Amino acid sequence: MTKKLVAAAAVLTTALTAPALAQDRGGVLNFARYDGSTLIDPIYADRNPDIWMVGSLFDTLLRPSQDGNSVVPGLAESYTVSEDGTTVSLTLREGIKFSDGTPLTGEDVVFSLNRARDADLSPWAGLLGTLDTVANNGSEIKLTLSAPDPTILSMLATFTTGIVSKATFEAADGATDQEKSAAIFAAKSAGVGTGPFYLCGFEQGTSMDFCANEHYWRAGADGKPLPYLEGVHFEIIPDDATRILKLQAGEMDAAEFIPFSRVAELEADPKIDMNLFPSTRIIYSPINTRPTRADGSPNPLADARVRQALNYATNKQALIGLVLQGAGKPMTSPLMAAATQLATETDPLYGYDIDKAKALIAEAGLAPGTEITFTTLAGSADDSTIFAALQQMWAPLGIQLKVEQVDNATRGAKNRSGEFDIHTYGWVNDVNDPSQVTGWLGYFPTAKAVGTGWESEKFNSLFEASATEMDADSRAGQYAEMQSIYAEAAPLLFMYETPFAVAVAKSVSGYVQTPLGNNLFEEASINR
């Protein structure tokens, strides 16, 4: 881990565990976003700009732990799982109120979780696929599962299970759930969530405002209810340079998605704190492992030795320097970011070794001059840089790397059809459980192992067994074995992890972006 990322990890841990004792209160934080939200509803949010805001407006029964590797009580003050793993019992905290001052009840929980698991409503319903029934007896909540589910506690700490007010929702205008959700979002008033803020202003594509929830249940370091801020004002500024200029001019207090090429400049600015928050964002390239290409010709990448050679011939640190200006680190798990639960770290994972790469190419009998096509996103400076670097790095292997530039929709279509050799891709976890990313990258029935066509019966059986394994040590062992199998098969070009780059004025403290990307403002403060 680089020095920058170590510092960011320390910021994250400090912000989550021990906010400053002398805490400033009041004021509005002006935050420059690269993209705007369209609908912040726990079950309908399906874009990162929406998902990453949900936690500011809605609380969940459980919350991620400080290190992200487990869960702790949230709206539920306690919870237990039955020995057979098919029942979860939770007790709600007393005195919790929605932002309009009405009390949270067990009926609100039943209503919210039933919405979240309804496949006709939510694209995220599969996260609660084992949930059979939700019932309450006052503040006692009982979840009955169709099968043991080791992910259920993590899912109860995930944005899509945010608790909404049943009464407010049912009273909203609209004949359908979607219409009511849209009406609540447009109303810009307190009432539907128990989070630290409520939505109090919105202009599509231009701005958004959060106001402090005076009924929020968590206390700050000074013993008074959070949040410290009166509110957060968001301005939508897609242009990177403009976001930075407004921050430097004092018009904005924070700006997200800082280009890595500007990080060093902002680190040197005495008025700005340049944060590189650890993330679960990984950049990798799927490799087509099918015996033949889409045109029927033999596929040289079907040989695992060739795929391994490409990984050994790729200088990950050089890529990080070229693309991220050093603000990142090589992937250490073949299936997930290091911040994900149950990630095993192999350091280095296919460290640069051109001699080993040449030996594998010779062993595989790959003919000199073999052409491989690298599909990139048209207009992406990062993709162009990656291609140019790989073309040079792989030339000693006798590989002629050609580029194919396409738009995002075409790249996705090629991935699904298998009409590619290698292409750029990336991932950010939505839940801090390894099942989501592992299911996507390696489990063949989900998406043909992220479109590579790679399939391992052993891997698939381990993944299926892990879905009902309630013993934590046994499940960790299953994931360790899956990562070992995947690393050896090398259906990906394993590249690097990238942090979330957020610059804030020196007057701001306590703001955090979590490894899942969620923006945490409840413990942020500003000293003007």
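Here are a few questions and answers about the fold of this predicted model.

The model is predicted, with local features needing pLDDT of at least 70, side-chain atom pairs counting only at pLDDT 80 or more, and totals for chains, interfaces and linings using all residues. Residues are numbered from 1 along each chain as its sequence is written, and side-chain values use heavy atoms, leaving out hydrogens and water.

Q: Why is the chain as compact as a globular protein of its length?
A: The radius of gyration is taken over C-alpha atoms, and the globule rule is 2.2 Å times the number of residues to the power 0.38. For 528 residues that rule gives 24 Å, and the chain is close to it, so the chain is as compact as a globular protein of that length, with a radius of gyration of 24 Å.

Q: What percentage of the 528 residues counts as buried?
A: Buried means under 20% relative accessible area, with a 1.4 Å probe and protein chains only. By that cut-off, the buried share of the chain is 54%.

Q: Which strand gives the largest share of the largest nonpolar core?
A: A nonpolar core is a set of buried Ala, Val, Leu, Ile, Met, Phe, Trp, Tyr and Cys residues joined through side-chain atoms within 4.5 Å. This one has 75 residues, and Tyr-496 is among those touching the most other members. Strands are DSSP runs of E, at least two residues, numbered from the N terminus. The largest share, 7 residues, comes from residues 492–505, strand β18.

Q: How many residues does another core, with Ile-96 and Phe-197, have?
A: This core lies apart from the largest one, and its members also include Val-504 and Tyr-511. Its residues number 71.

Technical notes:
Buried < 20%, exposed > 50% of the residue type's maximum accessible area, 1.4 Å probe, protein only. Helix = DSSP H or I, 4+ residues; strand = E, 2+ residues; numbered from the N terminus.
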